[in-house]
Amino acid sequence: MEKKAQIHIFNTLGPGMNLTLHCKSKNDDLGVQVLPYNVSFSFHFCPNMFSTTLFFCSFAWTNQFHWFDIYDQNRDVSCGDCTWNVTQGGPCMISDGSSWKRHICYPYNKNLGAPRI
């Protein structure tokens, strides 16, 4: 049986700020979502056996546009239930341990044009 991965993306930009996101992989387009502050969007999938599963999302809000690889199987192999907080400075993964919680923040991908799939 294949292990499923679950992704949760929260808008933590700030009160009154909507986040427009659009997530895709090579084979799946999850459509455009508009998230009010502190609301989440979730999806799940089964990573492939070749360790090449990649989902990326574009993020837009007040005069800002960024994108980020929200699931990279090589980076996130141990993350079966991944929670991301989208901030103005970049997305932060919430990592839970048995008695601790930490955030691992990343910069947005460089805006060299849209990612190619």
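Cysteine 79 and cysteine 82 are joined by a disulfide, with an S to S distance of 2.0 Å, where a disulfide is taken as a pair of cysteine sulfur atoms within 2.5 Å. Both of these cysteines are buried, buried meaning under 20% relative accessible area, exposed over 50%, and partly exposed in between (1.4 Å probe, protein chains only). The model is a predicted one, in which local features need pLDDT of at least 70 and side-chain atom pairs count only at pLDDT 80 or more, while totals for chains, interfaces and linings use all residues. Residues are numbered from 1 along each chain as its sequence is written, and side-chain values use heavy atoms, with hydrogens and water left out.

By the distance rule the protein has 3 disulfides. Another of them links cysteine 23 to cysteine 57, S to S 2.0 Å, and this link is right-handed, with 105 degrees about the S-S bond. Because cysteine 23 lies in strand β2 and cysteine 57 in strand β5, the pair ties together parts that are 34 residues apart in sequence. Cysteine 23 and cysteine 57 are both buried. Cysteine 92 and cysteine 105 also form a disulfide, with their sulfur atoms 2.0 Å apart. Here cysteine 92 belongs to strand β8 (residues 91–96) and cysteine 105 to strand β9 (residues 101–105), so this pair ties together parts 13 residues apart in sequence. Cysteine 92 is buried, with a relative accessible area of 7%, whereas cysteine 105, at 48% relative accessibility, counts as partly exposed. When the bonded cysteines are numbered in sequence order, the pairing reads 1-2, 3-4, 5-6.

The strands named above belong to a protein with 1 helix and 9 strands, these elements being DSSP runs numbered from the N terminus (helices H or I, at least four residues; strands E, at least two). From the N terminus on, the order is β-β-β-β-β-β-α-β-β-β. Buried residues account for 39% of the 117 residues. Of the contacts (heavy atoms within 4.5 Å) between residues at least 6 apart in sequence, 52% join residues at least 24 apart.

The interior can be followed through its largest nonpolar core, a nonpolar core being a set of buried Ala, Val, Leu, Ile, Met, Phe, Trp, Tyr and Cys residues joined through side-chain atoms within 4.5 Å. Of the 25 residues in this core, Ile7, Ile9, Phe43, Phe59 and Ile70 touch the most other members. Strands β1 (5–11), β2 (19–24), β4 (40–45), β5 (54–61), β6 and β7 (81–86) each supply at least two residues of the core, and the largest share, 4 residues, comes from β5. Leaving aside neighbours within four places in sequence, phenylalanine 43 is in contact with several residues, including Ile7, Ile9, Cys23 and Ile70.

Strand β6 also carries two aspartates worth a look. Aspartate 69, found in this strand, is buried yet has no salt bridge, and the nearest side chain of opposite charge, arginine 75, is 5.8 Å away. A salt bridge would need a side-chain nitrogen of Lys or Arg within 4 Å of a carboxyl oxygen of Asp or Glu, and for charge, Lys and Arg count as positive and Asp and Glu as negative, with His and the chain ends not counted. Aspartate 72 lies in β6 (residues 64–72) as well, but at 23% relative accessibility it counts as partly exposed. Beyond its neighbours within four places in sequence, aspartate 72 is in contact with Thr53 and Leu54.
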